[in-house]
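User: I would like a close look at one part of this structure, followed by an account of how the rest is arranged around its contacts and charges.
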Amino acid sequence: MSQKVLLSSKEINIILHRLACQLLENHVDFKDTVLIGIQPRGIFVAQRLTKILLEEYKVKHIDLGFLDITFYRDDFRRGEKTLEATKTKINFLVEDKKVVLIDDVLYTGRSINAALTALQSFGRPKEVELLTLIDRRFSRHLPIQPNYRGRQVDAINNEKVKVMWEENEGEDIIYLINR
Amino acid sequence: MSELSVNHLLGIKYLNESDIQLIFETADHFKEVINRSIKKVPSLRDITIANIFFENSTRTKLSFELAEKRLSADVLNFSASQSSVKKGETLIDTVNNILSMKVDMVVMRHPNPGAGIFLSKHVNASIINAGDGAHEHPTQALLDSFSIRERLGDVTGKNVVIVGDILHSRVALSNIFALKLQGANVKVCGPKTLIPKYIDSLGVGVEMNLRKALEWCDVANMLRIQNERLDISYFPTTREYTQQFGVNKKLLDSLDKEIVIMHPGPINRGVEITSDVADSKQSIILNQVENGVAIRMAVIYLLASKIKK
């Protein structure tokens, strides 16, 4: 197994600021927009973006939720391990809201497909956008593309993108791991 | 640990502590799901479950059926009173006929202890015991412990007294196994005639005086007097039972603490507990019913995940 650094802490920070600016351009005061981080790893991206928007770009209020998609996945009973759920925390209605789904890595698109199904349990959004920190091109199983992408990566199938966060793993760094 | 150690839920006796924790954590997530406006998830859309009830039950059957439907499983309901069992068909034949219709899981209630264990050895499906005679009722015990954990934060170290007909109660036996496994202290209380002789071997204390039992406990689990199982007189009259082992508001108020009141239902109001106790803030009887659906969803989900494609 070998690994190389795809993005350093500094590069991740620059990308997050750029993504925050792109969100700001399209959603201005976030009055009709909600951000939803997909559990488990998308919540770190969502939290960082929210922090930047609130503290550095002085947005007054942002509704931020966390969505668990375990019970909506299409690979139930297919893998070796039981799918373990994590916490869903959405304390607002998504009815008629613009929803930005946020995840760390977009790979096959199946997680996003499950997230779109799960989202229906919380109402009918006006529109849904997708933001991913890493977009693994040419590996999609479904016709799903991000509206906002941090970095596009051409990784082959036996390679894995591993995103690490300071609050979880002690440092911000993204590796491309060859298994 | 992300997988149950068993392929069937035949009794609490066959589970370990990690299994119970996994079921509780999964039930926490399902509890969040069933409190949404859309209470359904698509996880089990390719699973078919047969509810086979050889004994009458309303709330357990409804709770299982709701849990199955909220997981998007296909559900078959089979009631022995309108079936070929009346014509002399054996249990294995009945279940195998149902399984031939490509059923993946069987939820079974049966009047004979061990019926689920017997069935699990002879048919190729995942079996959930929904009550077998006076043996076990595992999902009831799980939802009882889950409700205690929800109200008191933890089960470990808590003092729980089970009051009533211990001898005929599958709820009592499963509860004793579940509570002991989680490190709770358990006592039973009831007429001496309704306390089984083997109770000491389960590591459970016996208290004949209800007041003393209530003074000791954090939780009182009041069992129903099962008139249908009392073929001989175990106590003189219901009135006398109520006087000695019934809980009323006056008794609770005279204690210098607030204990949690539970009852697996259906309640004989005025016998095991009075209405003002059943409907009081101390009572978590309706929480038990709500938690029953989440616990059963968790058990079904975790067992179904072991049926590989």
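Which residues does B:S63 touch, not counting residues up to four places away in sequence?

Analyst: B:S63 touches B:G292, B:V293 and B:R296 once residues up to four places away in sequence are set aside, where contact means heavy atoms within 4.5 Å. The model is predicted, so local features need pLDDT of at least 70 and side-chain atom pairs count only at pLDDT 80 or more, whereas totals for chains, interfaces and linings use all residues. Residues are numbered from 1 along each chain as its sequence is written, chains are lettered from A and ligands numbered from 1 in the order in which they are written, and side-chain values use heavy atoms, with hydrogens and water left out.

B:S63 itself belongs to helix α2 of chain B, residues 59–70; helices (H or I, at least four residues) and strands (E, at least two) are DSSP runs, numbered from the N terminus. At 8% relative accessibility B:S63 is buried, a class that means under 20% relative accessible area, with exposed meaning over 50% and partly exposed what lies in between (1.4 Å probe, protein chains only).

The three partners of B:S63, namely B:G292, B:V293 and B:R296, carry numbers that fall in the range of α11 (285–304) of chain B, a helix that returns below in the account of the interface.

In that interface, 25 residues of chain B contact 21 residues of chain A. Together the two chains bury about 2,000 Å², of which 52% is on carbon and sulfur atoms; buried area is the accessible area (1.4 Å probe) that two parts lose on being put together, summed over both. Between chain B and chain A, 6 residue pairs are in polar contact, both residues being at pLDDT 80 or more. A polar contact is a pair of N or O atoms within 3.5 Å; within protein, one must be able to donate a hydrogen and the other to accept it, and residues adjacent in sequence count only if both atoms are side-chain atoms. On the side of chain B that touches chain A, α1 (17–34) and α11 (285–304) each supply at least two residues. The largest share there, 4 residues, comes from α1(B). By class, this side of chain B has 12 nonpolar, 5 polar and 8 charged residues, with Ala, Val, Leu, Ile, Met, Phe, Trp, Tyr, Cys and Pro counted as nonpolar, Asp, Glu, Lys and Arg as charged, and the others, Gly among them, as polar.

The rule finds 1 salt bridge across this interface, a salt bridge being a side-chain nitrogen of Lys or Arg within 4 Å of a carboxyl oxygen of Asp or Glu. Its side chains are those of A:R77 and B:D46, which meet at 2.8 Å, N to O. A:R77 lies in the loop between β3 (63–67) and β4 (98–106) of chain A and B:D46 in the loop between α1 and β1 (48–53) of chain B, so the pair joins two chains. A:R77 is buried, at a relative accessible area of 8%, whereas B:D46 is partly exposed at 33%.

Over all chains, the whole structure holds 18 salt bridges. Among them is the pair A:D75 and A:R73, whose closest N and O atoms are 2.8 Å apart. A:D75 is partly exposed at 27%, as is A:R73 at 31%. Another bridge joins A:D135 to A:R140, with the closest N and O atoms 2.6 Å apart, and both of these residues are buried. A:R48, A:E167 and A:D172 are linked in a network of salt bridges.

Returning to chain B, the "binding site" annotation of the unreviewed UniProt entry covers B:K87, B:R170 and B:R224. These residues span 138 residues in sequence, and the farthest two C-alpha atoms are 32.4 Å apart, so they do not all gather at one spot. UniProt positions are given in the numbering used here, feature names are shortened, and annotations may be inferred rather than shown by experiment. B:K87 sits in the loop between β2 (74–79) and α3 (91–99) of chain B and is exposed, with a relative accessible area of 75%. B:R224 lies in the loop between β8 (219–222) and α8 (238–245) of chain B. Apart from neighbours within four places in sequence, B:R224 contacts B:D165, B:H263, B:G265, B:P266, B:N268 and B:E272.
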